[in-house]
Amino acid sequence: MTAPAPATAVILSANPIHDTGGGQRSAQIALELLERDHAVLFVSHGKVTETVDLGLSFSHPRLVETRIEEVAGRKGWAVLHPFLSHPRALVLTQIAVSSWLPVLRQARYLGAVCVYDLIDEWESELGYGWYRRGIERRVAELAHALVATAPALQQRLQERTRRPVTLLPNAFNGRLFSGASTHLRPHDLPLGPVALYVGALWGGWMDWGLVYQVARAFPHISFVFIGDHRNEGEGLPENCTFLGLKAQYELPAYLAHAQVGILPWKDDAVTQATSPLKVYEYLAMGLPVVAPALEPLRDVPGVTGCSDPSGFIAAVAKAVDTGPAAATPGEMASFAEEQSWTRRVDTLLELAHRARKEVLPLGLLARLRGRLGI
């Protein structure tokens with residue numbers, strides 16, 4: 001770090017900052033904090049999930065990247081201490097694991113504000129092999145504030161902790177995604193009308209049967225999928241194209257030349273507890289969206305929620321022919337303006353500010369008790 005930062009943040013993320021093309025929630029929050037002159041320690045719990053290496057780098061003088069194994073023990077204290085001991089330190093925990101508990105205790109001891117950010121339904125395939133409800137309870141107890149990305153997660157966390165939980169959905173990067181920008185058509189994007197999906201392809205929530213039906217219904221439309229492709233969706237019609245993983249900064253050009261953004265997901269417990277990040281990017285680029293009838297997307301301008309394949313097919317046809325069925329471009333733009341990562345981090349920092357006014361460092365409290373003989 002070249003100069004003292006006005007504030008610091010430690011983020012425990014599921015994966016490294018460059019995973020999934022750099023578009024994941026933890027990476028976007030980190031980048032927004034860096035824009036505000038924070039120093040950020042980005043700690044990854046897991047490894048890169050992709051099968052390809054895009055060669056992405058997030059070099060920044062105030063960014064330090066490391067793994068949980070490097071900071072959870074005594075040797076990691078030299079890395080952690082400058083961040084945790086700052087008078088305006090924030091610790092954002094997205095993965096509730098036992099090895100992180102000592103870090104949270106030290107953070108509280110030094111007066112750092114701790115926030116637990118519940119981002120997914122971990123009692124599913126997403127948390128297989130590592131999630132433990134008891135550990136999550138202890139992480140939540142150590143947190144000064146609780147946030148969740150979707151109403152279902154918010155309700156679950158409130159019921160389990162008996163504490164208020166702030167709804168903080170995903171968002172879009174306003175420095176990248178703008179419907180007012182001009183982009184050349186990418187060379188690998190098929191000609192003609194395009195229905196586009198961007199995101200993970202490997203999850204059990206993907207409804208490939210639905211994709212097959214919709215693609216068969218519109219042989220003149222190219223159904224394009226951007227994401228790390230591991231042979232998912234075999235046997236689909238010829239108008240389905242997989243372009244592989246793309247860096248986040250490449251995505252606006254593809255969205256700009258598509259006619260509709262699709263979310264071909266199953267309607268289940270996992271998707272009902274999800275804040276689909278890509279939907280915000282679709283909308284920011286003025287792209288109408290066709291999705292299942294998910295609670296987090298209810299009443300979102302520009303999104304048509306569908307309860308069955310026939311409804312999905314009809315919504316795709318209408319979006320390609322006439323644009324957004326549920327909103328005008330102005331309504332979509334107004335909604336998108338409030339859904340940027342800038343606004344989300346505004347909320348996060350306001351929560352931290354309110355908590356900080358009520359936080360007395362445990363270390364200071366211990367010293368005061370010693371002096372008073374309590």
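**Charges, overall form and selected residues of the chain**

In this predicted model, the chain carries 35 positive and 37 negative side chains. The centres of these two sets of charges lie 11 Å apart.

A good place to begin is the chain as a whole. Its C-alpha trace spans about 80 × 45 × 40 Å along the principal axes. For 374 residues, a compact globule would be expected to have a radius of gyration near 21 Å, and the value for the chain, 22 Å, agrees with this. The secondary structure comes to 14 helices and 13 strands. Of the 374 residues, 53% count as buried. The surface that the chain exposes amounts to about 16,700 Å², and 52% of this area is supplied by carbon and sulfur atoms. Contacts between parts of the chain that are distant in sequence are also part of the picture: among contacts with a separation of 6 or more, 73% join residues 24 or more positions apart.

Helix α4 shows how a single element fits into its surroundings. This helix covers residues 101-110, and its buried residues are Leu101, Val103, Leu104 and Ala107. Viewed down the axis of α4, these buried residues fall within an arc of 160°, so they line one face of the helix. What do they pack against? The partners are three helices, α2 (68-71), α3 (77-84) and α5 (133-142), together with the strands β4 (89-93) and β5 (113-118). After α4 comes Gly111, a residue with a positive phi, near 95°.

Pro102 also belongs to helix α4. With a relative accessible area of 36%, Pro102 is partly exposed, whereas Leu101 and Val103 of this helix are buried. Pro102 and Glu123 are 21 residues apart along the chain, and their C-alpha atoms are separated by 24 Å.

The link between α4 and α5 can be followed from the other side through Arg138, which has its place in helix α5. Setting aside residues up to four places away in sequence, Arg138 touches Leu101 and Arg105. Leu101 is one of the buried residues of α4. Is Arg138 itself buried, partly exposed or exposed? Its relative accessible area is 34%, so Arg138 counts as partly exposed. Arg138 and Ala96 are 42 residues apart along the chain, while the distance between their C-alpha atoms is 8.5 Å.

Two residues in strands and loops give a view of buried positions. Val260 lies in strand β11, which comprises residues 260-262. Its relative accessibility is 0%, so Val260 counts as buried. Which residues surround Val260, once those up to four places away in sequence are left out? The residues it touches are Val194, Ala195, Leu196, Leu287, Pro288, Val290, Val316, Ala319 and Val320. Gln272 is 12 residues from Val260 in sequence, and the two C-alpha atoms are 22 Å apart in space.

Leu168 is found in the loop between β7 (166-167) and β8 (194-198). Although this residue is in a loop, Leu168 counts as buried, at 4% relative accessibility. Beyond its neighbours within four places in sequence, Leu168 is in contact with Arg25, Val147, Ala148, Thr149, Arg344, Thr347 and Leu348. From Leu168 to Glu238 there are 70 residues in sequence and 39 Å in space, taken from C-alpha to C-alpha.

Two aspartates in loops deserve a look for their backbone angles. Asp37 has a phi near 70°, a positive value in a residue other than glycine. The loop that holds Asp37 runs between α1 (25-35) and β2 (39-44). Asp37 is partly exposed, with a relative accessible area of 41%. Where is Asp299 found? Its place is the loop between β12 (289-292) and β13 (303-306). Asp299, which is not a glycine either, has a positive phi of about 65°. With a relative accessible area of 70%, Asp299 is exposed; the cut-off for this class is over 50%.

Terms used
Residues numbered from 1 in each chain as written. Heavy atoms only, no water. Buried < 20%, exposed > 50% of the residue type's maximum accessible area, 1.4 Å probe, protein only. Helix = DSSP H or I, 4+ residues; strand = E, 2+ residues; numbered from the N terminus. Arc of directions from axis to C-beta. Contact = heavy atoms within 4.5 Å. Rg over C-alpha atoms; globule rule 2.2 N^0.38 Å. Areas by Shrake-Rupley, 256 points an atom, 1.4 Å probe, with all protein chains shown as cover. Lys, Arg positive; Asp, Glu negative; His and termini not counted. Charge placed at Lys NZ, Arg CZ, Asp CG, Glu CD.
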